[in-house]
Each structure stands twice: as structure tokens, then as C-alpha cells.
Amino acid sequence: MNSAAIASILVVKDLSFAYANRPALLSAWSVRIGAGLTQLYGGDGSGKSTLLRLFAGKLLGEGQLSVAGARLHVEPETYRQNVFFIEPGTDAFNEVSATECTLSLSAGDSRFDAQKWRALAEGFSLTPHLDKPMYMLSTGSKRKVWLAAALASGRALTLLDEPTSALDANSIRFLWRVLSDSAGQPGRAIVIASAERIDSVPLSSLIELPSS
């Protein structure tokens, strides 16, 4: 599918980025991403995680990015309010409960669906763990907390980095089912970075990144 032919939620124009003393990861790269599910596909070193950080506004490169019409270099706060993203390895929420973590992640998200979040927490078998501090949870359970918050989000752009990592088989099946249900949601783009080709959900587009 030609991503330019559908209404664009994320627009990236002439994006260039390089880490210090390393070759450029991107050079004048452009893409448009519309509603539905998009996979970023590439092996180790292809830059998937870095690209998600650039999309989220956590890293800044040269070029122009906009989400739902908000331009990162002009309206950075509004831009970031339109994006759900969390670093999978973060320890920023270790001292708070899973529920408090979710409240923090949903702050400013007027379309956050609390009822859907409760159903997601149950589907991921998180209900007994919601009042526990995050440091007590396993890596997989932490990821499920973040996934439940992400999938209940009402933000225009949701970014998921290797979402099946550390999940049990039942949770992976549940995740694919929820993502499939979300695929047709208007006005919302979900970008999934994965080193494995995804065939369990209906993708709107595939962005293949060359390996270094």
C-alpha cells in the first residue's frame, strides 16, 4: 500500500540522524504513516529503536516531523502529547505501583480509555499485580503494564519496541488479538518495531530497514 495515498498521522520529511563519531543512520529520509498498524522491520543494528525514539521526539535529528498536524520543531510539547512511547528498559517507574505507573503514562491523554485498560490488565493477567511496586514485577509483567497503557491510549501515535519480548505465549496471543482489533481504528497509528516479520496482525504498511 502506498502510505502517501492514505491520511497521514505521522509525516517525516528529510530526516537525518547520526550518533557522534558514527556513520549516518538516516540521510534525508522521508515517510508518511497513516492509521492502522505499521511494522518497522530490520535486524540488529538497523536502527529500529533509534527510529522510534526519533518518532517520539526523544532524540532530535535534522528534518521535519509532525504528528496529527503538530510539528515537533514548532510545537514540541503538543507533538509529544500526541505520542505514546516508553523505553522498554526504563527503570523510571520502579518505585511506583503498576496502577500509578499507568496514571502517569496516561496524564494529559483526554481519550485514554480506562474501561479498556481494565480489560487489558485482566487479559494480560495483571490484575493481582496492579498495586505492587514495579520493581517487584518480572520483566514480562512490566512490559505488560506498559502494553496495557499503550493499547488503552487515545494518543494519535503509539510506538511499540519489540512488544512480544519477555511475554508468555498466552500474552502474545492476547496482544495480537488486541492489535488486530485496533487495526481499523480511525485516526490512530500504531508502529511496531520488530526483528521478526509480523504475520499475526493485519498490517497497513511495512517499513523495511537495511541492516548495518
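**Exercise 1.** At what angle do helix 3 and helix 5 pack, and how far apart are their axes?

*Solution.* The model is predicted, with local features needing pLDDT of at least 70 and side-chain atom pairs pLDDT 80 or more, while totals for chains, interfaces and linings use all residues. Residues are numbered from 1 along each chain, and side-chain values use heavy atoms, without hydrogens and water.

Step 1. Take the helices as DSSP runs (H or I, at least four residues; strands are E, at least two), numbered from the N terminus. Helix 3 covers residues 98–105 and helix 5 residues 139–151.

Step 2. Fit axes to the C-alpha atoms over the stretch in contact, with angles from 0 to 180 degrees between N-to-C directions. The angle is about 35°, and the axes lie 10 Å apart.

Step 3. List contacts (heavy atoms within 4.5 Å). Ala98, Cys101, Thr102 and Leu105 of helix 3 meet Val145, Trp146 and Ala149 of helix 5.

**Exercise 2.** Which residue forms a salt bridge with Asp109, and are the two partners buried or exposed?

*Solution.* Step 1. Apply the rule: a side-chain nitrogen of Lys or Arg within 4 Å of a carboxyl oxygen of Asp or Glu. The partner is Arg155, with the closest N and O atoms 3.9 Å apart.

Step 2. Place the pair. Asp109 sits in the loop between helix 3 and helix 4 (114–123), Arg155 in the loop between helix 5 and strand 7 (157–161), so the bridge ties together parts 46 residues apart in sequence.

Step 3. Classify accessibility (buried under 20% relative accessible area, exposed over 50%, partly exposed in between; 1.4 Å probe, protein chains only). Asp109 is buried at 10%, and Arg155 is buried at 6%.
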